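The following exercises ask the student to read a protein model step by step. Each task sentence is followed by a worked solution.

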Amino acid sequence: MLTVNRESKVSLTQQVYEQIRDGIFEQKFSEGEKLPSTRELASSLGISRNVCLEAFDRLIAEGYLDVKPRSGTYIAKGITFQREQEQPRPVVPTKGSNLPKDVIDFRAANPAMDHFPRNTWGRLSKEVCRDTPEAAFAYSGSEGVKKLREVLSQYLLKIRGVRCHADQIIITSGATQALYMISKLIADRNDQFIAVEDPVTDEMRQIFSLAGAEVHPVPADEGGIIPESLPLHRKPSFLFVIPSHQFPLGGTLSIQRRVKLMEYSRKMDTYIVEDDYDSEFTYEGVPVHSIQGLNPERVLYVGTFSKILSPALRIGYAVLPPHLVGRFRELKWYTDRHTSSLEQLVLARFIEEGYLDRHVRRMKKIYKKRRETLTESLREHFPDAKILGQAAGMHLVVEFPQVVFSKEIKELLCETGVLVYPVEDYSLNKGVHQHKVVLGYGSLTEKRIEEGVKRLSEGLQKYM
């Protein structure tokens, strides 16, 4: 017997449709069984006949019902089967989903999203939608909108010393997609062996492994990757480095080490993949230019606007040597055809009209103040702690000589209301960085930073 619930948010038509369809699957109706007419069904349910007509029309169109002229409507043959009973599936929590509500999360790489230039971005979006030719609303090339690539080539030369033509730039859906496609493009050609600085973010390791590559760790210290530790017994498909603000240790690679990396790449006839991680935010001295500017033929340069503006934009890019561009375009096309053209046009205008430069200058002041608040609070509560990697970026590393940051300590601190990230979690070779934690400050206010360090002190006192 069919019923309807007038209080439900599901339409009456949908209710009738689903009950008949599910009744067929559950064998409440038999193949060839005659159904009451729409008039009879509507009368018994106290609903409009049009509701039943719409539900029947849909069931007939999808093949569940057969109509026999002058006879009636019947359950179609060959469609009855017993569906497997659905088993409850465990809910897999996302990062941070099971944290206490008031926990202070020192997660790195989270920008100050409350300072995203909404008004400017909204106005430019409106202008782009209004002024852009109709062709921009159709499919575009997998390499990205030409206007953004032209603007980006000029911006990267000025800000990061990247030497490239617009045709060498491929716009991607964030740096993650760019790095995955680079791994598929290059690692597939050789023996799928990638040299990676260690420690490094776990997402990078997962990207390379997913692409089918073997990951070989190369030790890094406060100054970045150690060139003397690079593998000589085997040629890597490429060498992955984050030279501007190494994650997680935070060091900036010196020009001497950069030169050694270039010499290594020539000697081993391999590539360098440079992830220019939050390089715009430098607080002490002059930013060191990219490795790509030293040798564009051997360096693949990857960047993103997730850290500068917002992760929600999902706009990244890869700068490639000319001989790799064609194949990379093909891979991009098969991945997602192309990144949002309208967002690209808005970003191009945002850069060209000087809003990005202004935004970066503004955010540097904000992040610098938050960094100072964090370092001052740490020195107040932990005078013996050593602070690393504070010259740039949106995070720093703190070494506590008396503390081993085990899983138990991390859970204890979480119960105290603060979440930190042990460097060991990012290490392939364990035991080297067990006294260090990553503290990101980009998304935290100064008040929350001070409270977070206070909670960190309280939590560690329980451990000590």
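**Exercise 1. The hairpin and the three-stranded sheet**

Determine which residue takes a positive phi in the hairpin of S2 and S3, and describe the sheet that holds these strands.

*Solution.*

Step 1. The model is a predicted one. In the hairpin, three residues stand between S2 and S3, and Arg 70 takes a positive phi near 65°.

Step 2. Consider the pairing of the two strands. S2 and S3 (residues 72–75) run in the antiparallel sense and are joined over four bridges. Lys 68 has Gly 72 in S3 as its bridge partner, and Val 67 stands opposite Thr 73 in S3. Strands of a sheet pair through backbone hydrogen bonds, either parallel or antiparallel.

Step 3. Place the strands in their sheet. The order is S1-S3-S2, the sheet is open, and the pairing is antiparallel. S1 (34–35) and S2 (65–68) stand at the edges; each has a single partner strand, so one side of each lacks a neighbour in the sheet.

Step 4. Add the helix that packs on this sheet. Helix H3 (residues 49–61) touches S1, S2 and S3, and its direction makes about 105° with that of S2.

**Exercise 2. The eight-stranded sheet**

State the order of the strands in the open sheet of eight strands, and identify the sense of their pairing.

*Solution.*

Step 1. The order is S5-S12-S11-S10-S9-S6-S7-S8, and the pairing is mixed. The edge strands are S5 (169–172) and S8, each of which pairs on one side only.

Step 2. Examine one pair within the sheet. S9 and S10 run parallel and are joined by four bridges. Phe 240 stands opposite Val 273 in S10.

Step 3. Add the helices. Helix H6 (residues 174–187) packs on the sheet and touches S5, S6 (193–198), S9, S10, S11 (299–304) and S12 (316–319); its direction makes about 160° with that of S11. Helix H9 (residues 322–336) lies across S5, S10, S11 and S12, and runs at about 20° to S5.

**Exercise 3. Helix H6**

Is H6 largely enclosed by the rest of the structure or largely open?

*Solution.*

Step 1. Begin with the length. H6 has 14 residues and reaches 20 Å from its first C-alpha to its last, which is close to the 20 Å expected at 1.5 Å a residue.

Step 2. Apply the cut-off: a residue is buried when its relative accessible area is under 20%. The buried residues of H6 include Leu 179, Ile 182, Leu 185 and Ile 186; Gly 174 and Ala 187 are also among them.

Step 3. Draw the conclusion. Eleven of the 14 residues are buried, so H6 is largely enclosed by the rest of the structure.

**Exercise 4. Salt bridges**

Find which parts of the chain the salt bridge of Arg 448 and Asp 102 ties together, and then treat the pair of Asp 269 and Lys 235 likewise.

*Solution.*

Step 1. The structure has 25 salt bridges by the rule that a side-chain nitrogen of Lys or Arg lies within 4 Å of a carboxyl oxygen of Asp or Glu. Side chains of opposite charge can pair when their charged atoms come close.

Step 2. Arg 448 and Asp 102 meet in a salt bridge at 3.3 Å, N to O. Arg 448 lies in helix H13 (residues 446–463) and Asp 102 in the loop between S3 and S4 (104–105), so the pair ties together parts that are 346 residues apart in sequence. Arg 448 is partly exposed, at 28% relative accessible area, and Asp 102 is partly exposed, at 44%.

Step 3. In the salt bridge of Asp 269 with Lys 235, the closest N and O atoms are 3.8 Å apart. Asp 269 is in the loop between H8 (255–268) and S10 (271–275), and Lys 235 is in the loop between S8 (224–225) and S9 (238–241), 34 residues apart. Asp 269 is partly exposed, at 46%, and Lys 235 is partly exposed, at 34%.

Step 4. Finally, look for shared partners. Asp 102, Arg 448, Glu 451 and Arg 455 are joined into one network by salt bridges that share partners.

**Exercise 5. Cysteines**

How many disulfides does the structure hold?

*Solution.*

Step 1. The structure holds zero disulfides.

Step 2. Compare the surroundings of two cysteines. Cys 129 is partly exposed, with a relative accessible area of 46%, whereas Cys 414 is buried, at 15%.

How values were computed. Residues numbered from 1 in each chain as written. Predicted model: local features only at pLDDT ≥ 70, side-chain atom pairs only at ≥ 80, totals over all residues. Heavy atoms only, no water. Disulfide = S-S within 2.5 Å. Buried < 20%, exposed > 50% of the residue type's maximum accessible area, 1.4 Å probe, protein only. Pairing = 2+ DSSP bridges. Contact = heavy atoms within 4.5 Å. Axes fitted to C-alpha atoms, helices over the stretch in contact; angles between N-to-C directions. Expected span 1.5 Å × (residues − 1).
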